[in-house]
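Q: Please choose one part of this structure and take a close look at it with me. I am new here, and a connected walk through it would suit me best.

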Amino acid sequence: MKLSSEEKFAFLQLAQYVAKLDGEYGPKEREVIEEYCTEMGIENVEINMELFDLDTLLSIFKSPKSQKIAILALMVLVHIDDKYGIYEHKVMYKIAQIFKLDETKMHLFSMWGKAGSALYEQALVFTER
């Protein structure tokens, strides 16, 4: 909820792009993206991967705070299926470069995302009927 309206829609596109990079847009990734949409109060609209422009989209995130929010949420997403693959790693590295985040910060964000995805999975188990 800390992102502007424009940033929310940009983040949704970014999240779908990152989730689809490895060719496996699985149920866990879909579920996390649906949760993000609910949290942001927006509808989950599928993106067209062929029209996706990463650089233009990232330019929407103006403040360091919104950039970090996006990175943290993406880190949960890339770790949710326990497959932080080469394509995801490369795009996260590119995002880090554009947002001017060093390797140490990205490592910390990645560890947080891994822990966050584990907590998310536990919460699902606790709230099952």
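A: Helices here are DSSP runs of H or I with at least four residues, strands are runs of E with at least two, and both are numbered from the N terminus. The model is predicted, and local features need pLDDT of at least 70, side-chain atom pairs count only at pLDDT 80 or more, and totals for chains, interfaces and linings use all residues. Residues are numbered from 1 along each chain as its sequence is written, and side-chain values use heavy atoms, with hydrogens and water left out.

Let us look closely at helix α5, which covers residues 86-98. This helix has 13 residues, and the distance from its first C-alpha to its last is 18 Å. That is close to the 18 Å expected at 1.5 Å a residue, where the expected span is 1.5 Å times one less than the number of residues.

Which residues of α5 are buried? They are E88, V91, M92, I95 and A96. Here, buried means under 20% relative accessible area, exposed means over 50%, and partly exposed lies in between, using a 1.4 Å probe and protein chains only. The buried residues cover an arc of only 145 degrees around the axis, which puts them on the same side of α5. The arc is taken from the directions that run from the helix axis to the C-beta atoms. Turn to the other side of α5 and you meet I86 and K90, which are exposed.

What sits over the buried residues? The cover includes α1 (5-20), α2 (27-40), α3 (54-58), α4 and α6, with contact meaning heavy atoms within 4.5 Å.

Now step to the two ends of the helix. The loop between α4 and α5 holds D82. D82 is not a glycine, yet its phi is positive, about 60 degrees. Most residues other than glycine have a negative phi. D82 is also exposed, with a relative accessible area of 66%. At the far end, just after α5, K100 also takes a positive phi of about 60 degrees. K100 is not a glycine either, and its place is the loop between α5 and α6. With 73% relative accessibility, K100 counts as exposed.

Helix α5 also helps to line the largest pocket, whose volume is about 290 Å³. A pocket is an open set of points on a 1 Å grid over the protein atoms alone, where a 1.4 Å probe fits and protein lies on both sides within 12 Å along at least five of seven lines; lining residues have an atom within 4 Å of a point. Grid points are joined across faces, edges and corners, and the volume is the space filled by probe spheres set on the points. Of the 16 lining residues, Y84, H89, E103, M106 and H107 are the closest to the centre of the pocket. Helices α4, α5 and α6 (103-127) each supply at least two residues of the lining, and α6 gives the most, with 6 residues. The lining divides into 8 nonpolar, 5 polar and 3 charged residues. Ala, Val, Leu, Ile, Met, Phe, Trp, Tyr, Cys and Pro count as nonpolar, Asp, Glu, Lys and Arg as charged, and the others, Gly among them, as polar.

Let us finish with some of the helices that cover α5. Helix α4 spans residues 64-79 and contains Q67. Q67 is buried at 13% relative accessible area, and touches F61, K62 and F99 when residues up to four places away in sequence are not counted.

Helix α2 has 14 residues that should span 20 Å at 1.5 Å a residue, and its end C-alpha atoms are 20 Å apart, which agrees. Its buried residues are E29, V32, I33, Y36, C37 and M40. Seen down the axis, these fall within an arc of 145 degrees, so they line one face of α2. The face turned away from them carries the exposed residues P27 and T38. The cover over the buried residues of α2 includes α1, α4, α5 and α6.

Helix α1 is mostly covered, with 12 of its 16 residues buried. F11, L14 and Y17 are among them, and what covers the buried residues includes α2, α3, α4 and α5. E6 also lies in α1, but E6 counts as exposed at 54% relative accessibility.
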